[in-house]
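Trainee: Got a minute to go through this one with me? I'd like to start with one chain and then see how the two chains fit together.

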Amino acid sequence: MATEFTPVLSTLGGLLIGASALLLMWSMGRIAGISGIVSGAAMEASSERNWRLVFLLGLMLGGGLAALLFGSLDGVQPVTSTGLLVVAGLVVGVGTAMGSGCTSGHGVCGISRFSPRSIVATLIFMSSGIVTVFVLRHLLGETL
Amino acid sequence: MKYFYVLLSGILFGLGIAVSGMANPAKVQNFLDIFGTWDPSLALVMGAALLVVTPGYRLIFSAQKPRFAETFSLPQKSDIDRKLVGGAVLFGVGWGISGLCPAPALVAMLTGIGQFVIFALAMLTGMVLYKQFVLLQGSVNTATVNTETNNDKR
């Protein structure tokens, strides 16, 4: 289903994400890469875990704030079946762990540092995402 | 005090994800659907973030060290190896199927819809499984305790 182009809100959101990444680098010297923060919060020793848990708490608070104040999560729904969500979740988890990053770590923080690894990773996951959606929507149809 | 800044950073990130529309899987999937109902919004999210972070990082790195840590913890790897490529391909596939990447997956749970919780749990499981697999591989490679593999063959 089509969604509306939201240039103002999306630009504003990007600026907020950018401000977040700068604040985390300035204060802790850390990359605001969410996949790394999540897996670190789950698996690292306590000294490394705490700041990640605090960050994730903030992430949920910020999301909740936007939902309450601006209704940002109104109408948000999954786009596929529970079975495919499980598969996709596993693949996203394995992929981001294996590839050392996701949209935020590679796509924003890494590209900002002109890291060749991040530029390559971003081009690849964008392309594989585009191919996946093309196959799902235009070759298989929206039957899934 | 440092946790105040970390919390604030998290809040800004969560606000950004929600306000930008990235927590809406339909919007993300439409961004990837360049041959269909393309919604270019996500390009602006990334573009705006890059516009801030690129000069901002330069400025921050001109300091000796971060405010609350001894060093800047930056990834040191520079080689483009099979893991990077394979991981990125896999991530893109999961992202395309679900319209969810890690941060939006967490924020979307706030809708209270159980399927988003299931996705987030599956994602966490995938991360942990991969890291355990790497640990196991490391211990097998260094020929330390091989009891687990022996037990499997029994």
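Trainee: What percentage of the 144 residues in chain A is buried?

Mentor: Keep in mind that this is a predicted model. In chain A, buried residues come to 55% of the 144.

Trainee: And how many helices and strands does chain A have?

Mentor: Six helices and zero strands. Going along the sequence, the pattern of chain A reads α-α-α-α-α-α.

Trainee: What size of box do the C-alpha atoms of chain A fill?

Mentor: Roughly 45 × 35 × 30 Å, taken along the principal axes. If you look at contacts in chain A with a separation of 6 or more, 30% of them are between residues 24 or more positions apart.

Trainee: OK, on to the interface. How many residues does each chain put into the contact?

Mentor: Chain A puts in 106 residues and chain B 103 residues. Trp26(A), Met98(A) and Arg117(A) supply 7% of the area that chain A buries against chain B, more than any other three residues.

Trainee: How much area do chain A and chain B bury between them?

Mentor: About 9700 Å², with 78% of it on carbon and sulfur atoms.

Trainee: What about charges? How many salt bridges are there between chain A and chain B?

Mentor: Two salt bridges. In a salt bridge at 3.4 Å, N to O, the side chain of Arg117(A) meets that of Asp81(B). There are also 26 residue pairs in polar contact between the chains, counting pairs with both residues at pLDDT 80 or more.

Trainee: Which elements of chain A give two or more residues to the side that touches chain B?

Mentor: Helix H1 (7–28), helix H2 (34–43), helix H3 (46–70), helix H4 (82–98), helix H5 (105–112) and helix H6 (116–139) of chain A. H1(A) gives the most, with 21 residues.

Trainee: How do the residues on that side of chain A divide into nonpolar, polar and charged?

Mentor: You get 63 nonpolar, 38 polar and five charged.

Trainee: Switching to the core. Which residues touch the most other members of the largest nonpolar core?

Mentor: Phe13(B) and Trp95(B), in a core of 74 residues. Helix H1 of chain B, residues 2–20, gives the most to this core, with nine residues.

Trainee: What does Trp95(B) touch, then, not counting residues up to four places away in sequence?

Mentor: Residues from both chains. In chain A, Trp95(B) touches Val92(A), Thr103(A), Phe125(A) and Met126(A). In chain B, the partners of Trp95(B) are Val28(B), Leu32(B), Leu42(B), Leu100(B) and Cys101(B).

Trainee: I was also eyeing Lys83(B). Where is Lys83(B) placed?

Mentor: Lys83(B) belongs to helix H4 of chain B, residues 82–98. Leaving aside neighbours within four places in sequence, Lys83(B) is in contact with Met98(A), Gly99(A) and Tyr130(B).

Trainee: Why does Lys83(B) count as partly exposed?

Mentor: Because the relative accessibility of Lys83(B) is 39%, and partly exposed covers the range between under 20% and over 50%.

Trainee: How far is the C-alpha atom of Lys83(B) from that of Arg67(B)?

Mentor: 33 Å, with the two residues 16 apart along the chain.

Trainee: Last one: where does Ser72(A) lie?

Mentor: In the loop between H3 and H4 of chain A. The Ser72(A) side chain reaches the backbone oxygen of Ala66(A) at 3.3 Å. Beyond neighbours within four places in sequence, Ser72(A) is in contact with Ala66(A), Ala67(A), Ala18(B) and Val19(B).

Methods:
Residues are numbered from 1 along each chain as its sequence is written. Chains are lettered from A and ligands numbered from 1 in the order in which they are written. This is a predicted model: local features need pLDDT of at least 70, side-chain atom pairs count only at pLDDT 80 or more; totals for chains, interfaces and linings use all residues. Side-chain values use heavy atoms; hydrogens and water are left out. Contact means heavy atoms within 4.5 Å. Buried area is the accessible area (1.4 Å probe) that two parts lose on being put together, summed over both. A salt bridge is a side-chain nitrogen of Lys or Arg within 4 Å of a carboxyl oxygen of Asp or Glu. A polar contact is a pair of N or O atoms within 3.5 Å; within protein, one must be able to donate a hydrogen and the other to accept it, and residues adjacent in sequence count only if both atoms are side-chain atoms. Helices (H or I, at least four residues) and strands (E, at least two) are DSSP runs, numbered from the N terminus. Ala, Val, Leu, Ile, Met, Phe, Trp, Tyr, Cys and Pro count as nonpolar, Asp, Glu, Lys and Arg as charged, and the others, Gly among them, as polar. A nonpolar core is a set of buried Ala, Val, Leu, Ile, Met, Phe, Trp, Tyr and Cys residues joined through side-chain atoms within 4.5 Å. Buried means under 20% relative accessible area, exposed over 50%, partly exposed in between (1.4 Å probe, protein chains only).
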